[in-house]
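Me: I'd like a close look at one part of this model, namely how its nonpolar interior is put together. Take your time and walk me through it.

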Amino acid sequence: MLKERMASTISSTAYSSLFSLHFNSWRKLSSRMLESNVFCKPTRPNISANYKAENGKKLYLGMDFGTSGARVSDESPLTIPTSSVDVHQSELDHDSVHSDGDGGPDMQTPNESDASVDESVAESALEMEDVSVSLRPVVASIAIDGTSATTIIIDSTSGDPLCRPYLYNESCPDALPLVKSIAPPKHTVCSGSSTLCKLVSWWNSCDSSKESAVLLHQADWLLWLLHGKLGVSDYNNALKVGYDPEMDSYPPWLLSQPYSHLLPSVQHPGTKIGCMKEDIRTQFGYPKDCLICTGTTDSIAAFLAAGATLPGKGVTSLGSTLAIKLLSTKRVEDARFGVYSHRLDDKWLVGGASNTGGAVLRQLFSDEQLKKLSEQINPLEASPLDYYPLQAVGERFPVADPNMEPRLHPRPKNDVEYLHGILESIARIEAKGYTLLKDLGATPVEEVITSGGGSKNEKWIKIRERVLGLPVSKANQTEAAYGAALLAMKGACENTASD
């Protein structure tokens with residue numbers, strides 16, 4: 001099993017290291033995809049200046065392109081339990097990519113400067129500020145995670161985008177009736193924000209040639225910039241386009257559609273795709289045999305990083321959105337509630353992602369305000385305020401309602417009370433999510449591990465523990481980049497074993 005194989009791999013590679021780079025983007029690949037000049041190279045200390053690779057050691061590089069606000073951290077080496085593997089984590093600070101705010105499809109093809117921005121983000125990960133020149137020659141493999149259902153259509157001949165990307169939470173209601181007519185009832189794709197709805201919406205609206213088009217998810221595209229093999233994905237990212245992880249193939253009802261040739265080939269997460277492109281490798285000084293491996297979604301990477309290995313263990317990721325994953329012995333799917341299951345070897349990660357979360361807090365409070373106000377909250381006292389904090393109209397989970405209005409009023413004069421009410425309301429949404437999973441047949445949650453930026457708020461953890469009625473703790477490894485690094489290590493070790 002994946003988790004067990006990873007554990008044994010870690011234990012048997014005492015001279016190997018995981019090197020995680022955290023690229024939490026603020027609304028990554030937003031509605032216009034990319035505005036030129038939005039990316040600015042960070043100025044910060046070299047994250048590996050004090051780390052010297054010993055002879056024989058290898059590094060496994062993980063990158064996270066999630067949805068949380070960009071932060072900077074430079075943590076001291078940590079050690080994975082049961083092994084002597086060093087772990088180094090960092091976060092890249094970069095400017096925000098802002099949405100144009102219309103929330104609807106815009107079929108204009110981005111220009112060349114647009115398409116270059118995310119490439120500069122990916123390449124900057126390989127530059128001096130992020131990986132020391134002395135360490136690059138020992139990076140054995142790289143994997144990337146990205147936001148689920150963030151999608152772009154590419155011309156497979158030229159590599160140029162045929163439309164601007166669809167953001168992860170963008171809904172395409174125009175395509176939903178057609179998708180529902182071909183997919184099984186309650187299927188994951190039967191949601192306006194599913195990748196398949198985005199594909200169908202593009203297919204029905206695009207007048208240009210479609211013969212050479214290929215669909216890529218965010219992580220697929222970023223990895224393609226490194227390995228150069230267009231049209232490769234993983235079964236976690238491909239879930240919302242209709243891939244069946246139980247059958248390990250696309251279902252016949254999807255393959256019979258006229259746009260099925262756009263679907264990428266699918267591999268297990270952490271599988272070798274190929275070596276780094278020669279031009280990138282030589283430009284940045286990476287080894288000739290540096291492998292690029294399939295990635296996963298940001299929430300799956302966070303789950304892997306948290307180390308939940310037994311059924312009944314849940315991981316809540318508190319980033320700009322709230323995502324919950326529960327390790328279950330039973331697969332559960334119900335698009336009415338935005339519930340779906342990701343495969344994790346012989347078990348299932350059941351869950352969903354809400355549009356509530358830290359992004360709402362960032363709209364209302366600064367980081368300093370959040371810190372000071374949180375210190376004054378009594379987490380043992382229930383808040384009487386009942387909100388449904390959303391950035392904009394529309395919710396995905398635990399209620400799939402594109403017309404749901406944000407509810408953040410009445411606002412008390414006391415900001416401590418207001419923040420308390422918002423944090424508790426988000427906790428209630430989380431509790432409703434776990435209860436729904438149990439009612440649908442998933443293994444009941446027994447313990448919740450917290451990852452993401454919200455895991456640093458101790459008062460919020462105590463509020464959630466009271467509302468959930470369960471033990472709630474902060475993950476030892478809170479960043480999805482660590483989970484991506486685990487996948488990079490898995491791919492490298494499996495490749496070595498097969499040689």
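Which residues of the largest nonpolar core touch the most other members?

Reply: Keep in mind that this is a predicted model. In the largest nonpolar core, which has 38 residues, Leu419, Ile422, Tyr434 and Leu437 touch the most other members. Two strands, E14 (322-328) and E16 (347-354), each give two or more residues to this core, and so do the helices H9 (358-364), H10 (367-375), H11 (415-439) and H12 (458-468). H11 gives the most, with eleven residues.

Let's zoom in on Ile422. Leaving aside residues up to four places away in sequence, Ile422 touches Leu361, Leu364, Phe365, Tyr387, Pro389 and Leu408.

Apart from that core lies another one, of 33 residues, with Leu162, Trp203, Leu254 and Val266 among them. As background, nonpolar side chains tend to be buried together in soluble globular proteins.

Another buried piece worth a look is helix H5 (residues 218-227): ten of its ten residues are buried, so H5 is largely enclosed by the rest of the structure. The buried set isn't just greasy names like Trp221, Leu222 and Trp224; Gln218, Asp220 and His227 are in there too. Right after H5 comes Gly228, with a positive phi near 80°.

What about the cysteines? The count of disulfides is zero. For Cys190, the nearest cysteine sulfur is that of Cys197, 7.6 Å away, and Cys190 is buried at 10% relative accessible area. Cys290 is buried as well, at 0% relative accessibility, and its sulfur sits 7.8 Å from the closest cysteine sulfur, in Cys275, which is too far for a bond.

Methods:
Residues numbered from 1 in each chain as written. Predicted model: local features only at pLDDT ≥ 70, side-chain atom pairs only at ≥ 80, totals over all residues. Heavy atoms only, no water. Buried < 20%, exposed > 50% of the residue type's maximum accessible area, 1.4 Å probe, protein only. Helix = DSSP H or I, 4+ residues; strand = E, 2+ residues; numbered from the N terminus. Disulfide = S-S within 2.5 Å. Core = buried A, V, L, I, M, F, W, Y, C linked by side-chain atoms within 4.5 Å. Contact = heavy atoms within 4.5 Å.
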